[in-house]
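Please go through the structure below one part at a time, starting with a small sheet and ending with the pockets. Keep the sequence beside the model while reading.

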Amino acid sequence: MRFIYCPYCGSKLVEKEIGDEGFIPYCTKCEIPLWDMFTTSVIAAVVNENHEIALLRQNYVSTTKHVCVAGIMKIGESAEDAVIREIREEIGLTVKKLEFIRSYPYDKKEMLMLGYKATVDKADFVTSGEVDAAEWVKLEDALDLLRKGGIAWQLVKTVIEGQKS
C-alpha cells in the first residue's frame, strides 16, 4: 500500500527526505513519515517421509497449475505459527519440523512471502473449503505441476536441491 493521504488526519502527504531512506511520503500536520506497506504471508513446501510434497488445487488461484499451502499472517502471529496454522487449516496435517528457506517479494500483490519447508507424517488430507483438491506428488515431479518461475516453483526447486546435498 502506498500512502497518498495520512491515515490519521486525512491530510495530503508531501515528499520529505528522511535520512538514508530518501524521499518518503510525510504528513506535515502529524509530523510522521508513512512508509509503503506490504502484506506478510507464508508459503510452505509440505513434505513427508517418502519425499512426497502436498500440492493443492485452488481454482481461485489457478485453474491450470497446482500451488503450495500459503496464507496471510495474522496480527500477533509469528511466521512459524502462521505456517503451522495454514497447514492444519488447509490440509489437516500436523507439522513435525519447520525450516525457513527464504523470503520472496511478490510486487504484483504488494506482499512479502516467507518460504518454509514443513515436514509432516504422510496421512490423508482433510481439506478446507478454500482447497478444491490436494494430492501427494513425488518431490522430483512437482516442478512440472507448478507455474514455472513462480514463488511456489522457486521454493520447491530450492527444497529439491537441498534434498540432493
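In this predicted model, C27 has I32 in β3 as its bridge partner. Another facing position involves Y26, which stands opposite P33 in β3. In total, 2 bridges join strand β2, residues 23-27, to β3, and the two strands run antiparallel. Strands of a sheet pair in this way through backbone hydrogen bonds, and the pairing can be either parallel or antiparallel. The connection between β2 and β3 is a hairpin with 4 residues between the strands. In the turn of that hairpin, E31 has a positive phi of about 60 degrees.

On its other pairing, β2 meets β1 in the antiparallel sense over 4 bridges. Here E17 stands opposite F23 in β2. These strands also form a hairpin, with 5 residues between them, and G19 takes a positive phi near 50 degrees.

G22 lies in the loop between β1 and β2. What does G22 touch, once its neighbours within four places in sequence are left aside? The contacts of G22 are with K16 and E17. To see how G22 is placed relative to another part of the chain, find I75, which is 53 residues further along or back in sequence terms; the C-alpha atoms of the two are separated by 28 Å.

Now put the strands together. They make an open sheet of 3 strands in the order β1-β2-β3, with antiparallel pairing. β1 (14-17) and β3 (32-33) stand at the edges and have a single partner strand each, so one side of each is left without a neighbour in the sheet. Is β2 enclosed or open to the outside? Of its 5 residues, 4 are buried, so β2 is largely enclosed by the rest of the structure.

The next stop is a single residue in another loop. Q58 is found between β5 (52-57) and β6. With a relative accessible area of 4%, Q58 counts as buried, because the cut-off for buried is under 20%. The side chain of Q58 reaches the backbone oxygen of E130 at 3.1 Å. Not counting residues up to four places away in sequence, Q58 touches V67, E90, E130, V131 and D132.

The pockets come last. The largest pocket holds about 760 Å³ of space. Its lining is made of 29 residues, and V61, V67, Y106, K109 and M113 lie nearest the centre. Which elements give two or more residues to this lining? They are β4 (39-47), β6 (69-72), α1 (79-91), β7 (95-106), β8 (111-120) and α2 (151-164). Sorted by class, the lining has 14 nonpolar, 7 polar and 8 charged residues. V67 has already appeared as a contact of Q58, and V67 is also one of the residues nearest the centre of the largest pocket.

The second largest pocket has a volume of about 180 Å³. The residues that line it are M1, R2, D36, M37, F38, P105, Y106, D107, E110, M111 and L112. The elements giving two or more residues to this lining are β7 and β8. By class, the lining of the second largest pocket has 7 nonpolar and 4 charged residues, and no polar ones. Y106 lines this pocket, and Y106 is also among the residues nearest the centre of the largest pocket.

Key. Residues are numbered from 1 along each chain as its sequence is written. This is a predicted model: local features need pLDDT of at least 70, side-chain atom pairs count only at pLDDT 80 or more; totals for chains, interfaces and linings use all residues. Side-chain values use heavy atoms; hydrogens and water are left out. On a 1 Å grid over the protein atoms alone, a cavity is a set of points where a 1.4 Å probe fits but cannot get out, and a pocket is an open set with protein on both sides within 12 Å along at least five of seven lines; lining residues have an atom within 4 Å of a point. Grid points are joined across faces, edges and corners, and a volume is the space filled by probe spheres set on the points. Ala, Val, Leu, Ile, Met, Phe, Trp, Tyr, Cys and Pro count as nonpolar, Asp, Glu, Lys and Arg as charged, and the others, Gly among them, as polar. Two strands pair if DSSP finds at least two bridges between them. Contact means heavy atoms within 4.5 Å. Buried means under 20% relative accessible area, exposed over 50%, partly exposed in between (1.4 Å probe, protein chains only). A polar contact is a pair of N or O atoms within 3.5 Å; within protein, one must be able to donate a hydrogen and the other to accept it, and residues adjacent in sequence count only if both atoms are side-chain atoms.
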